[in-house]
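User: I want to learn how to read ligand contacts and aromatic features in a model. Can you take me through them one at a time?

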Amino acid sequence: MSSVSAIIVAAGSGTRMGAGKNKQFISIRGVPVIARTLRVFENMPEVEKILVVTRAEDIEEMRRVIQCHGIKKVFDVIEGGDTRQKSVMNGLERLSGEDDDIVLIHDGARPFIRAEFVRELISQIESENCEAAAIGVPVKDTIKQIDDHGFISSTPDRDSLISVQTPQGFRYELIMKAHTRAKNKGADFTDDCAVAESFTTERVMIIKGDYRNIKITTPEDLALAEIILENERSGGIN
Ligand code: CTP
Ligand code: MG
């Protein structure tokens, strides 16, 4: 069995949320977003250790939240970079794993990830079918590609489109190599699959997740988060 680590990236500024602080610390029903996210990985026996990446000014508060919510698997809280990709790279360097270790990279801002999907992701990578996989859901809207003037240039077939989420999981060697190449080339991507797709020949498998795994991004998402929690409470989805 490979050792499984999780890197939780939480080093953004939450500009679109506009809360005047890192959105990871916003409480939803009394529990900060980041604590909800960490709890999922904390409670999974498959996950050995967790690394949290955050802004330098948030490290102290992050440690406090981790302690206050009884999260034991976080072995370090480190400083991120000015892009998500740099934050992930800092995390990968700190992890310094064995080549065949599995690393799960997850947005701190996705507190509603369900353990069953993380488990499926891990088993896919362990099954040797693939070395890279990510959670995603079919898009609901028809997506248009537009040109520089705002006119539609093409309409991709909706059945072939997936909205990718996190976690995204990889063998350590593969993702470290891909990120190192991306860094050297000065490429910047918003997700780690794109780094792997662009800088390795490995195919990345998509595992169907669910629509509850939203990324808390704008104020509307906080209202949506309330609804998700309410549904879980009343629907007994656990
Ligand atoms: N992230 C990070 N380091 C960065 C930028 C983002 O670790 N330099 C993390 C965020 O903390 C978040 C995840 O990547 O958990 C997804 O990013 P996003 O939703 O864009 O969060 P923010 O960058 O904080 O928000 P915004 O873009 O609105 O400022
Ligand atoms: Mg951002």
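User: Which backbone atoms lie 2.8 Å from an oxygen atom of ligand 1?

Analyst: Start with N and O pairs; a polar contact needs them within 3.5 Å. This model is predicted. Here, a polar backbone atom of A11 is 2.8 Å from an oxygen atom of ligand 1. G14 also offers a polar backbone atom, at 2.8 Å from a ligand oxygen. From the side chain of S87, an N or O atom lies 2.7 Å from a nitrogen atom of the ligand.

User: How much of the accessible area of ligand 1 does the protein cover?

Analyst: Alone, ligand 1 has 560 Å² of accessible area, and the protein covers 88% of that. The ligand is surrounded by 19 residues. V9, T15, R16, S87 and K215 are the closest.

User: How is a pair of aromatic rings described?

Analyst: Two values do it: the distance of the centres and the angle of the planes. The count here is 1 aromatic pair. F189 and F199 have ring centres 6.3 Å apart and planes at 70°, so they are edge-to-face; the cut-off for that class is over 60 degrees. F189 lies in the loop between α5 and α6, while F199 is in helix α6, 10 residues away.

User: Is F199 buried or exposed?

Analyst: F199 is buried, at 15% relative accessible area. Its partner F189 is partly exposed, at 24%.

User: Which charged ends sit over rings?

Analyst: Look for a Lys or Arg charge within 6 Å of a ring centre and within 35 degrees of the ring normal. The charged end of K140 is over the Y211 ring, 4.1 Å from its centre. K49 places its charged end over the ring of F75, at 5.8 Å from the centre.

Note on methods: Residues are numbered from 1 along each chain as its sequence is written. Chains are lettered from A and ligands numbered from 1 in the order in which they are written. This is a predicted model: local features need pLDDT of at least 70, side-chain atom pairs count only at pLDDT 80 or more; totals for chains, interfaces and linings use all residues. Side-chain values use heavy atoms; hydrogens and water are left out. Rings of Phe, Tyr and Trp (its six-membered ring) pair if their centres lie within 6.5 Å; planes under 30 degrees apart count as stacked, over 60 as edge-to-face and the rest as tilted. Helices (H or I, at least four residues) and strands (E, at least two) are DSSP runs, numbered from the N terminus. Buried means under 20% relative accessible area, exposed over 50%, partly exposed in between (1.4 Å probe, protein chains only). A residue is near a molecule or strand if one of its heavy atoms lies within 4 Å of it. A polar contact is a pair of N or O atoms within 3.5 Å; within protein, one must be able to donate a hydrogen and the other to accept it, and residues adjacent in sequence count only if both atoms are side-chain atoms. Accessible areas come from the Shrake-Rupley method with a 1.4 Å probe; for residues, only the protein chains shown count as cover.
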